[in-house]
Amino acid sequence: MAKGRAHRRLTNRASFPALVILLGPALILFTALVIIPVFEAAVFSVYRWNGLGPMVDFRGLSNYLQFIRDTIVHKALLHNLLIAVVSLAVELPLAMGLALVVSDPRFAGAVFFRTFFFLPYMLSEVITGVLWQFIYHPQYGLVRAGWSLFAPIETAPALMGNTSTVLWAIMVVIIWKYFGLHMTIYIAGLQEIPQEQIEAATMDGASRGRLFRSVILPGMRTAVQLSVFFSIIGSFQLFDIVWAMGKGDPVNAGETIVTYMYKIGLQRFTIGYGSAIAVCIFLICLVFSILYERILVKERD
């Protein structure tokens, strides 16, 4: 036993330099790009500061109290919540259904359709936003072309210029953009299910619905949990697509919490309040991540 302990100590000592070499660059980048900016934002958030000159106007928690009272913050957070709900209710079931179809070995052209459905995710968010701006354009976009088939005399609706439709138009783009990612996650989850279980359930006369509920869905639990996590966290971090499509306007009807933070902090030069919003976004995502992980740990136990 003493020799075993000595051997483990030597092994640990030998592996420590390799661990430092392998993790060192990643830790340096993570510290420089994540940890330090978070602490800097926390410091900025307790000052009234425009980003120029020294920080001398200490405000304590007043920026956070303003965050709590800000009606546009309430509106933006509600939009983020609606996007998360729509993603869970529409995007993930759509991705699951397509994953089941293209994973069927009897389905012809499965590789082609997997690639086809994944292509939107490969586009950058800015290109996606600009592309859909043209699609939604009421004069020369695809919406106008489709509208003219049914009402050639009437003007096509300006979906991005109407406060009642802009958020739903953005949601369509988000679903189109990201469902391919979740489909790929589900395909990977389906491949982890032993084929013998599916064949045994089929031979026992299980219907497709029963097969999905009793065999496929439990076998894909990890993939579904990962997909839900990405969907909710991503819904509260949306910026590029929304900004490229219209900057959250008109009248904050398409605003998300991150676009509002950008406007407050970098366009209006109220760095203190913008940093407070950034810290609150960080805390919301952190608390959700911790609670989600604890729920999953309880389920495993």
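The exercises below deal with aromatic rings in this predicted model.

**Exercise 1.** Classify the pair formed by Tyr47 and Phe58, and state where the two residues lie.

*Solution.* A search of the whole structure finds 19 aromatic pairs, and one of them joins Tyr47 to Phe58, with 5.5 Å from centre to centre and 80° between the planes. Since planes over 60 degrees apart count as edge-to-face, the pair of Tyr47 and Phe58 is edge-to-face. Both residues lie in the loop between helix 1 (2–44) and helix 2 (62–69), eleven residues apart, and the pair is one that links distant parts of the chain. Phe58 has a relative accessibility of 54% and therefore counts as exposed.

**Exercise 2.** Decide how the rings of Phe112 and Phe116 are arranged, and place both residues in the chain.

*Solution.* The ring centres of Phe112 and Phe116 are 6.1 Å apart and the planes meet at 20°, so this pair is stacked, given that the cut-off for stacking is under 30 degrees. Phe112 and Phe116 both belong to helix 4 (residues 110–122), where they are four residues apart, or about one turn of the helix. With a relative accessible area of 54%, Phe112 is exposed, whereas Phe116, at 45%, is partly exposed.

**Exercise 3.** Which residues do ring pairs link into a cluster with Phe112, and which residue lies over the face of Tyr178?

*Solution.* Ring pairs join Phe112 and Phe116 with Phe113, Phe117 and Phe179 in a cluster. As for Tyr178, Lys177 lies over the face of its ring, at 5.9 Å from the ring centre, where the cut-off for such a contact is within 6 Å.

Definitions and conventions. Residues numbered from 1 in each chain as written. Predicted model: local features only at pLDDT ≥ 70, side-chain atom pairs only at ≥ 80, totals over all residues. Heavy atoms only, no water. Phe/Tyr/Trp six-rings, centres within 6.5 Å; stacked < 30°, edge-to-face > 60°. Buried < 20%, exposed > 50% of the residue type's maximum accessible area, 1.4 Å probe, protein only. Lys NZ or Arg CZ within 6 Å of the ring centre and 35° of its normal.
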